Amino acid sequence: MSSGKCHEQATACDHCDWVNVMPSMQAGEQLHCARCGHLIVTCHPNAPQQLLSNGCAAVLMFIMSLCFVFLGFSSQGSHQRITLLDCVYGLMGEHYISLGIIVALTLLVLPVVYLSAVLLIALALRQGRLKSIHYGLTHTISALQPWLMVDVFLLGGLVALVKLHSLAEIELGLSFWAFCAFTLCLFRTVSFVDKRWIWHCLCGPAPTVAVRSGSALSQGLKGCQYCGALVSADTHQCSRCHHILHQRKQGSLNNTLALLFASCALYFPANFFPIMITTFLGSSEPSTIMGGVILLWGMKSYLVAGVIFVASILVPVTKILMLFWLCWQIRFGHGEHEKPTQRIYHIAEFIGRWSMVDVFVVAILSALVQLGPMMNIIPGVAAISFAAVVILTMLAAMSFDSRLIWDKSEEITI
Ligand SMILES: [Zn+2]
Ligand SMILES: [Zn+2]
């Protein structure tokens, strides 16, 4: 890679199964799928060095964001300052242990595990000392990437600040700025992670197979979704990354539908019960998601009301409807308009994680606004249901196999 050339194999597109011949690429070049346009590989110049420098910067910023004050809050002579960890302790202290665990995982644990794995791989690539442990680490970074939600947490922090702005004086601590820098460094690191290139460096080129124009399935081949290798359709384990191979994700439609029905069932308590309980001068007022939006609109906080409405009401409903429609298309559709259909899947996949904003707003506010009977905020039961809805819809999108959209057009029965 650092010498400027990478990849010379054929690979199946993860999204549509089309076999793309990978030319010898120069540093900085990208290869897009000839059929669906999905980005297959980017040939990053000097990628190990970029991963190391950005990854180390992210770790440094992460440590700094834990060491100082994250946010401060002053109202009528009372002060409250919190660190990032207080957002987790606040939920645990209010006996919302499951919610605290979800926030701790998405905010602290998974980014640390992800960065550690990336740094170990980058170091090994630079030194040319790759061992079997790096196979597991490469699988780990692919699995964790969709669950990195520090950018969503940052948006949640900004929403919480705007919510409190009219009620109190807000202080942005050093940790807040360090966390902003951590978010930038983390996603810059993510942009240099390319699974096909890492597997190419780890195990060398994939076995050569004869290919022609068409999908892997139509040629009696299977594309490994982990390392990009193309193997014969009767191969059960990838010879390069050792992952168990399936022609399509097993039980994709049934799993997606089951997860969607579960998220629909939880969507009602998530909207019916209060997500947050605010106590002001001794009187408690529970608020549902929609109640919070109406209250903010009434207070002329139109932007925050809009963000909460889009993230907490519009996005989950749209995503659930989109995924149901995709399942219906696979089951009863006629295999037309594959590209727009796949675009709808990508939108559903992309927007889902942003619904966690409201959960993070509750986590931040319940840690920050603790001024005794004068003013305090605690999470409501709907916060757990809502977090579960977001996670279940994300899992539903992950279990959906977009290659099925294109199988219909080829009139292939799986
Ligand atoms: Zn494709
Ligand atoms: Zn593989």
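**Reading a zinc site and a small sheet**

Trainee: Which geometry does the site of the zinc ion (ligand 2) have, judged from the angles among its four donor atoms?

Mentor: The site is tetrahedral, with angles of 101 to 118° among the four donor atoms; four donors earn that term if all angles lie between 85 and 135 degrees. This is a predicted model, in which local features need pLDDT of at least 70 and side-chain atom pairs pLDDT 80 or more, while totals for chains, interfaces and linings use all residues. Residues are numbered from 1 along each chain as written, chains are lettered from A and ligands numbered from 1 in written order, and side-chain values use heavy atoms, without hydrogens or water.

Trainee: Which residues coordinate the zinc ion (ligand 2), and what spacing do its donors follow along the chain?

Mentor: Donors are N, O and S atoms within 2.8 Å of the metal (3.2 Å for Na, K and Ca), and a site may look incomplete because water is not among the atoms. Here the SG atoms of Cys224, Cys227, Cys238 and Cys241 coordinate the ion at 2.3 to 2.4 Å, in the spacing C-x2-C-x10-C-x2-C. Cys224 lies in the loop between strands E10 (221-223) and E11 (230-232), and Cys238 in the loop between E11 and helix H8 (252-272), so the pair ties together parts 14 residues apart in sequence; helices (at least four residues) and strands (at least two) are DSSP runs numbered from the N terminus.

Trainee: Is Cys224 buried or exposed?

Mentor: Cys224 is buried, at 1% relative accessible area, and Cys238 is buried at 1% too; buried means under 20% (1.4 Å probe, protein chains only).

Trainee: What is the strand order in the open sheet of three strands?

Mentor: The order is E8-E7-E9, with antiparallel pairing, where pairing requires at least two DSSP bridges. Strands E8 (78-82) and E9 (169-172) are the edges, each pairing on one side only, and E7 (71-75) pairs with E8 over five bridges, with Ser74 opposite His79 in E8.

Terms used
Four donors count as tetrahedral if all angles lie between 85 and 135 degrees; four count as square planar and six as octahedral if opposite donors are over 155 degrees apart and all others between 65 and 115; anything else is irregular. Buried means under 20% relative accessible area, exposed over 50%, partly exposed in between (1.4 Å probe, protein chains only).
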